[in-house]
Every structure is written in C-alpha cells, then in structure tokens.
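Have a look at the model below and turn it around a few times before reading on. We'll begin with one helix, step back to the whole chain, and then visit some odd spots in the backbone.

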Amino acid sequence: MKTSARAVVIGGGVVGASVLYHLAKIGWTDVLLIEKSELTSGSTWHAAGGMHTFNGEANISRLQKYTIDLYREIEALSGQSCSLHPNGGLMLAATQGELDSLKLICSRARYLGMETEMLSVAEAQEFNPLIDASHFIGALWRADGGHCDPSGTTHAYAKAARQLGAAVERFTHVLSLAQRRDGTWDVVTDKGTVHAEHVVNCAGLWAREVGHMVGIELPVLAMEHHYLITEDVPELRGRDKEIVNTTDYSGEIYIRQERGGVLIGTYEPHGIVWSPVKTPDDFAMQLLPEDFERLAPYFEVGFEHFPALGRVGIRKAVNGPFTFAPDGNPLVGPVRGLRNYWVACAVMAGFSQGGGIGLVLSRWMAEGDPGQDILSMDVARFGAFATPKYTSIKVPENYARRFRLAYPNEELPAARPVRRSPIYDKLLAAGAVMGANFGLEHALWFGPPGVAPSETPTYRRSEAFPIVRAECQAVRANVGLYETTNYGKYEVTGRGARGWLDRVFASRIPKPGRLGLAPMLNPAGRIVGDLSIACLGDDRFLIVGSGFAEEFHLRWFASTEPPPDVFVRSAASALCGVSIAGPRSRELLQRLVRIDLSAAAFKLFDVRETAVGFAPAILTRAGFTGELGFEIWTTPDYFASLYDDLREAGRELGLTLFGGRALSSLRLEKGYGSFNKDFRPDFTPGETGLDRFVAFDKPAFIGREAALAERAAGPKRRFVVMEVAAVDAEVIGYESIMKDGRAVGYVTSGAYGHCIDKSLAAGYVPIALARDGERFEIDILGNSCAATVRLAPLYDPQGLRLRG
Ligand SMILES: Cc1cc2nc3c(=O)[nH]c(=O)nc-3n(C[C@H](O)[C@H](O)[C@H](O)COP(=O)(O)OP(=O)(O)OC[C@H]3O[C@@H](n4cnc5c(N)ncnc54)[C@H](O)[C@@H]3O)c2cc1C
C-alpha cells in the first residue's frame, strides 16, 4: 500500500469510486481509495440501480443529468460495462396536486435542457402497459433516466480512475484519523498508516463513524428499504423494449423491468431506522431480514395499481439499508473547523447523484470552489441544530415522504419546535402559523381571530392569500412588526476587524454609527453572501444575513483565516430581533426611545445603541419592506419585554404582526432579491445588480479581479422582476422563462404583490432582453402566462417612503 497520497478517499461504494475518478480526472492522480471490504460492499451492491434527473433543486437536477450522461464516458475509459438501460422515466399523478407538481417539473425542465412531456394516462400506458389507468389522472414522461448495474458502474468508475493513475486498496480498514500540525492527516489503517494532505469521508453506511474519528456528528442515518423482483410477467412477453421506469406517487411505489419480470419497491410511511447508534464494523454485503408482514399492505397498493404484478410470484426480495440526511439531499463539502477534511455522504440516490457529487467535490478540493451553486447539498446547510435526536426524527419523516410531493406552502411537522425565540408562545397566541428555518421557528402569517392557523398544502393560492394580503396592506398603510430573530447574525470585534472586513466584503465598510449593504464574493467573483454590516464602534461590527446560510457563512469566514486580532462569532442565539415597518413606525418607536428619530437626526442606515423601552438594544434604520422602518436587536433575556413594549406602544397606532409570506411579497414589490433564492453562488455582482454596492476602487478584496473583469466585459444576464398574468397560482422557482418558444432564463422566486395587485416573478434573463417592457412567457402549472419585465420597482420607485 502507498504510504502517502495527496488525498485518501475512505469508502469504495459508488460515491467514493466517483470521487476517486473525478479527483484523478482533474489532475490529482496521487490519490488512494481505501475500502475495508470489497468495492460496493456497503449499500451500493444491492441497490436497484434506478437513475433519474428529478430533484426540487435545478442545480442538483443538472448534476443528476451529468451523472447519467457520464456512464458512457467511464464505460469507454474503463472497458467495464455499466449495463445501462436508458429507458427514461414516467411519473404518475393520481391527484390534482400531484398533477400540478408534474406540470411544474415540466416547466422547469425546459431551461435545464431536459426532454419532458405531459401525457394522458392512455399515452403513459404505451410506455408501461402494466398501469391500471383507473388510478391515475395524468403523467409526465422524461427521456433521461433508466437503470444501471450498481456493481458494474462502481467498478467502471474505479477502473477508469486507475487508468488515470489513482490507486485502490481493498480489504483495508481505516481505524482512525490524526491531524498533524500542518493540517495533513495520518490515516491509520489495519495495514499501516498513510500520510495524506486531504481525506474524504465517502463511508456511506459508516459515514457517521468516520465523522466520529474527527469529533463531528454528521446528520446522517440509515433506513431499511425493501424491493421485490417478480417472476416473469406474461404481459411483457414479446415486447421489443423494456417498460419505462415508473414512479407512482400516490401508491409510493416505483417499478422497473428486470429481465422478464419487474422490480417493485416501496417507501412505506413507517420506515425502520437501521443501526440507530452505531453501524456494525463487520457488516458487508449482507441483506437484512425481510419483513413482509409489515410491508404487505404497501406492496398490495402496487399490485392494485399494476395488477399484472399481483398475478405472478415473487422471485427475490431485498431488504437493505442506505443513508439519508434529514432533508434527503446529500452532505457534500468541507466541514468548518476541520482543515482538509471533506465529506460526500448521505447519498440516497447514488446512481443519479454520484457522478455530479464527484465532479463538484473534486473541483472544490482542487480549485477551492465547487464551480457552481450547490447550497442544497452543501453539508453546511445543517448547523448545530441537527443533533442526533433531530436526525433520528427527520430522516424517517423524509423517508416516509420520499414519494410525496413537497408543496411550496407546506411546513413539515417532525422535530418541531427545536429552536424557539423568547416570543414564540406570544406569537402562537397571536395566531402565528410557523415555519422552521435552520431549526428556528418563525412566523409565516397570522390567522386573525376566528380563523384556524393552518393551511391546505397546494401549488395554488391558499386560504392564507387574503390574510397575507391584509398583513401587507397594514404595513404599507400603517405599521407592522416582523420578528427577525431567524436572520443570521455575527459579531466581528478586535483591532483588526475593519481590515479583515475590508478584505472579505466587496463593499465599503461603514463608519461608526452607520450600516452598509455588503455583498461578499468568492475568488471567481460570484455571490457567496448578501449581508449588511453595522458599525457599532471602531472595532465592533454586527453583520446580518440569511439565517439559512449561518453555517455556510461561518465556514466562509473561517476559510478567509481571520488574523489573531479579529474575533468572529455567531450571534444566532445571542441576539433576537424585530423589524418595525410602515409609515407610522417612527411614531411608534419614538414612544420608546429617548434619541431623536426624526428624518434629519436618524437617517436611513444610521445605527445607534440605545434603550428601547426596557431593552438595551442596537437600533438600525433599515428593513426589507421598502417602507420607513427600523430593526431592533437585543439579547434574549430582554426580548419578550421589548416585544411587549412595542405591542403596547403600537396598540393605538394599529400595529399589525406580519410574517415571512408578507415579507416575500413586500420585498418583491420593491424588486429586492433575497440570498438563497435570487442571489446564490451561480451569480455575479453585475448579474444580480449588487454591483452598485461593490467598492471597485478598494485596493483589495476577495473576488476583485473577477468583479473588475465582469464590469469591463459587462454581465451576460440580469436579475429582473416581472409582472405575470397569472391566474390562480404564482411562480414557485426554477420555472423556465420562455421567449419565442425558447427557454432563455429561469425564475428564482415569486409572490403576489398585494399592494400593487400583480403576480410577480423574479429571475434571470439574457442582458439583451433585460429591458423594461420586454415580454416573456412562463408556464405556471400548465398555463402559459405572459410575463413583462419591470425594471423600476413596482412600488414607490423613487424610494421616497424608505427615506421618509
Ligand atoms: C434496497 C436499496 C435499493 C436502492 N435503490 C437505489 C436506486 O434504485 N437508485 C439509486 O440511485 N440508489 C439506490 N439505493 C441507494 C444507493 O444504494 C446509495 O445511494 C449508494 O449505495 C450510496 O453509496 P455510498 O458510496 O455513499 O455508500 P456505500 O455503498 O455504503 O459505501 C461506503 C463504503 O465505505 C466503506 N467503508 C466504510 N467505513 C470504512 C472504513 N472505516 N474503512 C474503509 N472503508 C470503509 C464500506 O465498506 C462501503 O463499501 C438503494 C439502496 C437500497 C438499500
């Protein structure tokens, strides 16, 4: 065995083999994969090998397509067949909600360049004659997808990697990892120690244990999963091609042809966690006992929906474990605080996603950047809140919902509430319907007295529509209160703080008493943050950004290696906040503070530390609604008193509570983009319009060269807000923006603008088409809707109210 390598990949399942191949391909040929048993011996060998391009996130869909297309490449390079069956895929809908979701997938697929088509059930039967039409109302067909041989595919990756110079060591157990002072690793195995610059945890069923080797608790858990292979099905005899792989959402069943028979699998509602505490070391190429008694009712549904399957016997049954993260997407990337330690685990669809994961991870390791936005599979989308208890509740929930379509207005109930702000109970008492962001409960909207605070999951306008409308109107007409505790908050202090911020942020760093909007770029000049910086003193700053991105931003800050005289820490649990917005917000707040809040004395983006009622607070004149507004930050122990004071002071002014839904509407009326939705690491300052906050004349900041180059060449596309002639549903995200029958861009977010009475969509279009009045079409749930670009904000275009 080699005694040193640039990178050691731990685990020879389909994911580890792909990572090895991609590292070698990118030029890191001195790489070693260590596998404790035979290749594929974790969850890979018994997989059903199904592959498809479906994912709620466009970039993951794109990486899934990359994975499927890659198989021909590794077959050619290795000479090893993947036994590809590129049959395509069918998705069957039994309810209007499912049909809506298929239409959304279809609308998204055009920009992704994927061939899809809505079909009638009769048309679907031509692709799969086993379907009993009486159970379904429509279908979606996709050209991409099918199935492959799990073992052949993994060996093809490994052989292709070897061709490029990589090494594979089988039957070698990684026992521990020890980091040297220079950040390199001693990988201790039962056959000796390998010194490696980097290690990658691709340990699949043992990813949790390989995490423990470095003291981290990855949110990953294995579930048992069953499929059956039937005896030959007479209805398939004599056909010249296989049936198309079929997913039956309402039946929670998937089927595909396996020789003359059919492979049928189910994601049952009460799944069984496998090895909840520790994965046995000696488990390899084993199956778990079948549990037909428990699963019979779920397979019965399959036999009803595909009756020919109920008429033949079962040739083989498989029950095997595989791993999931709490939201079902993989965990990929570097881990904060651990130099040169990478993860690529919790991959529940290894044959759809393994290739894409290898691609982005190899770029990240070799080039310092994944090369595209992969926020939704970044390990940093989970933080400290994802404890083993959280994971043990969320993973079974995700498993049970594997084939349930996620509605855009749906909040999943398991492991709630985890993090609660001090006013959680008060907001609930006021009728709040809660969502969870980074584990923290926050209000989405408030049911008025007599209205049940609950909502029917739908792709269309829900019963909350008029309620959110009233919240928006109250803010614009009067004054509203929104809790901002779920924003990401960071304190930066120390003598070197200003210098460090100046290097890390592309914007000018504000003077004491001022706040600045602050884009943050990666070296490639792409947006990794859209935050605000408040300067509280020469060496004291409060940074506020997206709550979802807290761990992502902390990891980013750490990667910039702050000097010893700079202290960066999360204030997520140290500060709570509220936003007071609307024309009467000043009047309200002036009742609680002694400082002069008049327009001349406390201007837009001014910052003061002052008492607000009982609470010592940081007060900023800022907000996200486009109205005159203030944000107030205080510590958790004062927060309930602050809230009570504000409610009391606002009583006779008609203070209204508003939630996240109203905020989404208000901000789009103003044309404000939001990080994670509209602004992500795929986009640049010029494309997002954040270039207006970039201080190009600063001598140095991360991403400066790329940002200057973009400024010189001009952006290729542009973030715009469009008015949409929608009927009863708004855009959700990733729908294609069509021009003359061609997909030219895609939607990043949408909302109904209640105060301007228009449906709004935000997204990116080519720069030449980013003109006021330019017309496009967007397919919303099967209706082609006219969309017209509005370059000026649709509400208060001069910003008079904000500055008022
Ligand atoms: C019944 C069933 C059906 C499935 N069907 C599909 C499907 O149709 N399509 C699809 O895409 N996915 C399917 N999957 C999921 C698929 O199997 C996984 O996505 C995939 O196998 C994950 O691969 P991996 O490389 O991450 O993990 P694993 O396959 O678990 O590989 C991890 C490897 O790491 C090795 N290892 C662990 N610890 C150490 C150590 N300390 N030292 C050395 N080596 C170590 C293990 O021995 C193992 O070989 C199915 C899974 C099951 C159980």
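Which strands and which helix do the buried residues of H12 pack against? Keep in mind as you look that this is a predicted model. Helix H12 covers residues 497-504, and its buried residues are Ala497, Trp500, Leu501 and Val504. These four sit on the same side of H12, because they cover an arc of only 100° around the axis. As for the partners, there are strand E23 (488-493), strand E24 (515-521), strand E25 (527-537), strand E26 (540-545) and strand E27 (567-570), together with helix H13 (550-559).

Let's follow that helix partner. Of the ten residues of H13, eight are buried, so H13 is largely enclosed by the rest of the structure. The buried set includes aromatic names you might expect, such as Phe552, Trp556 and Phe557, but Glu550, Glu551 and Arg555 are in it too. His553 and Leu554 complete the list. After H13 comes glutamate 561, and its phi is positive, near 50°.

Strand E25, one of the H12 partners, is also where you'll find aspartate 530. Is this residue buried, exposed or partly exposed? It has a relative accessible area of 21%, and the cut-off for buried is under 20%, so aspartate 530 counts as partly exposed. Leaving aside residues up to four places away in sequence, aspartate 530 touches Ala518 and Pro519, and also Gly673, Phe675, Phe679 and Leu690. For a sense of distance, try leucine 263: from aspartate 530 it is 267 residues away in sequence and 47 Å away in space, C-alpha to C-alpha.

Now zoom out. The protein has 19 helices and 38 strands. With 804 residues, a compact globule would have a radius of gyration near 28 Å, and the protein agrees with that at 27 Å. Along the principal axes, the C-alpha atoms fill a box of roughly 80 × 65 × 50 Å. Some 61% of the 804 residues count as buried. If you take the contacts with a separation of 6 or more, 73% of them are between residues 24 or more positions apart.

What about the outside? About 29300 Å² is exposed, and carbon and sulfur atoms supply 51% of that. On the charge side, there are 85 positive and 93 negative side chains, with the centres of the two sets 5 Å apart.

Next, the backbone oddities. Most residues other than glycine have a negative phi, and most peptide bonds are trans. Against that background, where is the cis peptide bond? The bond joins arginine 416 and proline 417, with omega at about -15°. Proline 417 belongs to the loop between helix H9 (388-400) and helix H10 (424-429).

That loop also holds glutamate 411, which is partly exposed at a relative accessible area of 35%. Glutamate 411 touches Arg416, one of the two residues at the cis bond. Its other contacts, again not counting residues up to four places away in sequence, are Met434, Gly435, Ala436 and Leu444. Glycine 435 is 24 residues from glutamate 411 in sequence but 5.9 Å from it in space, C-alpha to C-alpha.

Further along the chain, two more residues have a positive phi. Tyrosine 734 has a phi of about 75° although it is not a glycine. You'll find tyrosine 734 in the loop between strand E33 (717-724) and strand E34 (736-739). With 16% relative accessibility, tyrosine 734 counts as buried. Aspartate 796 has a phi near 45°, again positive in a residue other than glycine. The loop holding aspartate 796 runs between strand E38 (783-789) and helix H19 (800-803). Aspartate 796 is buried as well, with a relative accessible area of 14%.

For a last stop, go to aspartate 282, in the loop between strand E16 (273-274) and helix H7 (292-305). Its relative accessibility is 67%, so aspartate 282 counts as exposed. From there to glycine 165 you cross 117 residues in sequence and 30 Å in space, C-alpha to C-alpha.

Notes. Residues numbered from 1 in each chain as written. Predicted model: local features only at pLDDT ≥ 70, side-chain atom pairs only at ≥ 80, totals over all residues. Heavy atoms only, no water. Helix = DSSP H or I, 4+ residues; strand = E, 2+ residues; numbered from the N terminus. Rg over C-alpha atoms; globule rule 2.2 N^0.38 Å. Buried < 20%, exposed > 50% of the residue type's maximum accessible area, 1.4 Å probe, protein only. Contact = heavy atoms within 4.5 Å. Areas by Shrake-Rupley, 256 points an atom, 1.4 Å probe, with all protein chains shown as cover. Lys, Arg positive; Asp, Glu negative; His and termini not counted. Charge placed at Lys NZ, Arg CZ, Asp CG, Glu CD. Arc of directions from axis to C-beta.
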